[in-house]
Amino acid sequence: MGVLSRFRDIMAANVNALLDKAEDPQKMIDQYLRDLEGDLAKVKAETASMMAEEKAAKRDLDECNEEIGKMADYAKRAVAAGNDNEAKQFLQKKSELSGRQETLQKKYDIAVSNSAQMREMHDKLESDIASLKGRRETLKAKAQIAETQAKMNKMGSGSSQAGATMAAFDRMEDKINKMLDEQDAMEELNKGQTDSTEELMKKYDRESKESDVDAELAALKAEMGL
């Protein structure tokens, strides 16, 4: 299950928990904020994990690029020494590393994208919590007014209190639904669209990599004037 899917499940669980506490709107508001802060801790941990994956992927890619450079240098030195067979071995190793480099580059690109999405979601949730904390006293005051009005209407206290409470819950649920919709929109926007030209690019990349090592050796000799 993806991170965004798990996050939606957490938020849905919070909605159900709040509805179960319908008899006390003021406590419900505090509980809602506590639950969101718990969600933030989960998102923060996931964000840190993906940032670590990005760093590891970058390290692996850099090490592979360094090895490719070494093989190219050794091949030149072997050619200069007149050891064509050894030069071919270095070039063969360079070709193998180039294939691994392509895989590592894709892994790094995905890690960068995932890390960016998680940081964005983390920052959004932090901002929402700060905003809700600022509105907490106002929401509590409204809940107290609703309770007072319900008590004054003794004849219809049962229905009035239920109506006021559900209205408060509706406001809170609308806020939660808005947050979930924003996260769904973010996930949809971040989904990559397959570009048909990419398949053609891959086709020609594969063909270019199928060149014979002897051809590359000949080019290297020509470059070195041998």
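How many aromatic pairs does the structure hold? In this predicted model, the structure holds 1 aromatic pair. The partners are Tyr74 and Phe90, whose rings are stacked, with 5.3 Å from centre to centre and 20 degrees between the planes. The pair links distant parts of the chain, since Tyr74 belongs to helix H2 and Phe90 to helix H3, 16 residues apart. With a relative accessible area of 34%, Tyr74 is partly exposed. Phe90 also counts as partly exposed, at 25% relative accessibility.

The overall architecture is considered next. The protein chain contains 6 helices and 0 strands. Its pattern, read along the sequence, is α-α-α-α-α-α. Of the 226 residues in the protein chain, 27% are buried. The surface that the protein chain exposes amounts to about 14,300 Å², and carbon and sulfur atoms supply 51% of this area. Contacts within the chain were also examined by sequence separation. Among those between residues at least 6 apart in sequence, 86% join residues at least 24 apart.

Attention then turns to the nonpolar interior. The largest nonpolar core comprises 17 residues, and Tyr32, Leu36 and Leu125 are those with the most contacts inside it. At least two residues of this core come from each of helix H2 (25-80), helix H3 and helix H4 (157-190). Helix H2 gives the most to this core, contributing 8 residues. Another core, of 9 residues, lies apart from the largest one; among its members are Ala57, Leu61, Leu97 and Leu104.

Two further residues illustrate how positions on helices H2 and H3 are placed. His122 is located in helix H3, which spans residues 84-152. His122 counts as buried because its relative accessibility is 11%, and buried means under 20% relative accessible area. When neighbours within four places in sequence are left aside, His122 is in contact with Leu40, Val43, Lys44 and Thr47. Glu37, by comparison, lies in helix H2. This residue is partly exposed, with a relative accessible area of 33%. Not counting residues up to four places away in sequence, Glu37 touches Ile129 and Lys133. The C-alpha atoms of Glu37 and Leu125 are separated by 8.9 Å, although these two residues are 88 residues apart along the chain. Leu125 is one of the residues with the most contacts inside the largest nonpolar core.

Charged side chains were examined last. Side chains of opposite charge can pair when their charged atoms come close. In total, 6 salt bridges were counted, including the three described below. Glu54 forms a salt bridge with Arg119, and the closest N and O atoms of this pair are 3.8 Å apart. This salt bridge links distant parts of the chain, with Glu54 in helix H2 and Arg119 in helix H3, 65 residues apart. Which of the two categories, buried or partly exposed, applies to Glu54? Glu54 is buried, because its relative accessible area of 18% falls under the 20% limit. Arg119, in turn, is partly exposed, with a relative accessible area of 33%.

The other two salt bridges to be described each lie within one helix. Glu67 forms a salt bridge with Lys70, with the closest N and O atoms 3.6 Å apart. Because Glu67 and Lys70 are 3 residues apart in helix H2, about one helical turn separates them. Glu67 is partly exposed, with a relative accessible area of 32%, and Lys70 counts as partly exposed at 37% relative accessibility. In helix H3, the side chains of Glu102 and Lys106 meet in a salt bridge, at 4.0 Å from N to O. Glu102 and Lys106 are 4 residues apart, about one turn of helix H3. Glu102 is partly exposed, its relative accessible area being 35%, and Lys106 counts as partly exposed at 45% relative accessibility.

Technical notes
Residues are numbered from 1 along each chain as its sequence is written. This is a predicted model: local features need pLDDT of at least 70, side-chain atom pairs count only at pLDDT 80 or more; totals for chains, interfaces and linings use all residues. Side-chain values use heavy atoms; hydrogens and water are left out. Buried means under 20% relative accessible area, exposed over 50%, partly exposed in between (1.4 Å probe, protein chains only). Contact means heavy atoms within 4.5 Å. Accessible areas come from the Shrake-Rupley method with a 1.4 Å probe; for residues, only the protein chains shown count as cover. A nonpolar core is a set of buried Ala, Val, Leu, Ile, Met, Phe, Trp, Tyr and Cys residues joined through side-chain atoms within 4.5 Å. Rings of Phe, Tyr and Trp (its six-membered ring) pair if their centres lie within 6.5 Å; planes under 30 degrees apart count as stacked, over 60 as edge-to-face and the rest as tilted.
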